[in-house]
Amino acid sequence: MKVTAHRGVSSLAPENTLAAFKKTAEMGYQWIEIDVQLSADQIPVVIHDQSVDRCTNGKGIVAKLALEELQSLDAGSWFSEAFKHERIPTLEQTLILARDNKLKVNIEIKLYPEDDIELLCEKIKEVIVALNIETTQLLFSSFELAALKKMQTLLPAIPRGLLWSVMPENGLDLLTEIDAFSVHCHYRHLTAQQALAIKKAGYNIYCYTPNNPEEVSEYWHWGVDMMITDYPQAYTACKEALLSYA
Ligand code: G3P
Ligand code: MG
């Protein structure tokens, strides 16, 4: 099944936590997507928002909090009391869990205004190199072309996917510029015609974040390769239903 668990299985466990990643492996899916930014003391951490407010019991900007402060927060109770021991994981903790559970990781390089693109990329590289992870286990993505260009220089063997919401007019040129593996686009804005052009140019198409497989059933015929979803289980159920007709 060509599905990536968006922030882990974020419909069943708090997003971007080790619990959500473990669930991905337990349920038999191969890929997780995670969002990575830097703590104030320059450690790559896994959290989506610019602040910790929505997904922890704390308050403040991620980039202004040191790792120790970030990891003192409860990152699970907002989702359910059962997850109150979850913490904001580091990239290192996430990659170790992925390695031990044979998960593949789509690392989204998450940049907010004033973030230092080069520094974040360098720090991500340090973690990956220290863990000696197989390049086939990883995929970088980012809305920032500059981040992917930097990664092309730092770790050229790891494939790159450019994120966009609406396809820019020069979209195919941008993909060429970074020798992209894939484009990750918002499923609501992708058209059949665009998909055809992207596939013809030789790129993989990933769609975020369709949570209802019926909404994108046609997309598979357009050649879409991967759905990045909070509900990978919905796709499995859908496939089983289809197979029972065969
Ligand atoms: O990587 C796909 C998707 O995660 C991009 O948007 O805001 O969920 O990180 P966002
Ligand atoms: Mg993301």
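How far is an oxygen atom of ligand 1 from an N or O atom in the side chain of His6? The distance is 2.8 Å.

This is a predicted model, where local features need pLDDT of at least 70, side-chain atom pairs count only at pLDDT 80 or more, and totals for chains, interfaces and linings use all residues. Side-chain values use heavy atoms, without hydrogens and water.

Two more side chains make polar contacts with ligand 1 (pairs of N or O atoms within 3.5 Å).

| Side chain | Distance to an oxygen atom of ligand 1 |
|---|---|
| His6 | 2.8 Å |
| Glu33 | 2.7 Å |
| Lys110 | 2.8 Å |

The protein covers 89% of the 290 Å² of accessible area (Shrake-Rupley, 1.4 Å probe) that ligand 1 has on its own. Residues around ligand 1 (a heavy atom within 4 Å) include Arg7, His48, Phe143, Leu163 and Tyr208. By class, this shell has 3 nonpolar, 2 polar and 5 charged residues.

Glu33 also serves the magnesium ion (ligand 2). The ion is coordinated by Glu33 (OE), Asp35 (OD) and Glu108 (OE), at 2.0 to 2.2 Å. Donors here are N, O and S atoms within 2.8 Å of the metal (3.2 Å for Na, K and Ca). Their spacing along the chain is E-x1-D-x72-E. Both Glu33 and Asp35 are buried (under 20% relative accessible area, 1.4 Å probe, protein chains only). Glu33, Asp35 and Glu108 also belong to the residues around ligand 1.

Terms used: Residues numbered from 1 in each chain as written. Chains lettered and ligands numbered in written order. Buried < 20%, exposed > 50% of the residue type's maximum accessible area, 1.4 Å probe, protein only. Polar contact = N/O pair within 3.5 Å; in protein donor to acceptor, adjacent residues only side chain to side chain. Nonpolar A, V, L, I, M, F, W, Y, C, P; charged D, E, K, R; others polar.
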